Amino acid sequence: MSSSAEQAVSWTCRSTWRKASINTLWCLLGCSIGDFGTIFFFQITQTPFPLFWIMVLAIINGLITSVLLETYILSRQMDLKSAFSTAMGMSFISMIAMEIAMNVVDVVFAGGILVWSVIPLMLAAGFLTPLPYNYYRLKKYDESCH
């Protein structure tokens, strides 16, 4: 016996792809602020710090700025406490995947520094990596943060 939650998810719904894309773009904006800011800080200050730990800090700061941006956006629709709770309840799997994809592209193509020509590749990887998962969550659970 299968329940509706166990049924296969249709991957052909254009409106769900559109909504998942918009949600992913908001998350990408929030994550990019903290991520790029951290990498840029270490780049301009030339602080001697291992690349691995710079990328870890970039991921953490990206998650923080994403939650802050989501809280701000949601606070325009609900009270601040509910907005923060909803932002914290977002999929960290999706955000972490986004952050890791962006930082892997940065390290592979630019050695862990921000280079204008690599930033579009980082953003594309950060957008495309969590998009199917975000679509799946929207379609299967009707979960969205916007």
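In this predicted model, serine 10 has a relative accessible area of 35% and is therefore partly exposed, since that class lies between the buried limit of under 20% and the exposed limit of over 50%. Serine 10 belongs to the segment that precedes α1. A look along the chain brings up a distant partner: lysine 139 is 129 residues away from serine 10 in sequence, yet the two C-alpha atoms are 7.7 Å apart in space.

The helix that follows this segment, α1, spans residues 14-45 and packs with helix α4, residues 92-110. Their axes are 10 Å apart and meet at an angle of about 50 degrees, so α1 and α4 are oblique to each other. The crossing in which α1 passes α4 is right-handed.

A second helix pair is worth a visit. Helix α2 covers residues 51-75, and helix α3 covers residues 80-88. The axes of α2 and α3 come within 8 Å of each other and cross at roughly 135 degrees. This pair is therefore oblique too, because an angle has to be over 145 degrees to count as roughly antiparallel. The crossing of α2 and α3 is right-handed.

Helix α2 also leads to the surface of the model. Leucine 57 is found in this helix and, with a relative accessibility of 31%, counts as partly exposed. That value matters for the patch described next, because patch residues need over 30% relative accessible area. Leucine 57 joins Phe49, Phe52, Trp53, Ile60, Ile64 and Leu68 in a nonpolar surface patch of about 690 Å².

Conventions:
Residues are numbered from 1 along each chain as its sequence is written. This is a predicted model: local features need pLDDT of at least 70, side-chain atom pairs count only at pLDDT 80 or more; totals for chains, interfaces and linings use all residues. Side-chain values use heavy atoms; hydrogens and water are left out. Patches are made of residues with over 30% relative accessible area and no salt bridge: like charges are joined within 9 Å, nonpolar side chains (Val, Leu, Ile, Met, Phe, Trp, Tyr) within 5 Å. Accessible areas come from the Shrake-Rupley method with a 1.4 Å probe; for residues, only the protein chains shown count as cover. A salt bridge is a side-chain nitrogen of Lys or Arg within 4 Å of a carboxyl oxygen of Asp or Glu. Helices (H or I, at least four residues) and strands (E, at least two) are DSSP runs, numbered from the N terminus. Buried means under 20% relative accessible area, exposed over 50%, partly exposed in between (1.4 Å probe, protein chains only). Axes are lines fitted to C-alpha atoms, for helices over the stretch in contact, and angles run from 0 to 180 degrees between N-to-C directions. Angles under 35 degrees count as roughly parallel, over 145 as roughly antiparallel, 65 to 115 as roughly perpendicular and the rest as oblique. A crossing is left-handed if the near helix is turned anticlockwise from the far one by less than a right angle, and right-handed if clockwise.
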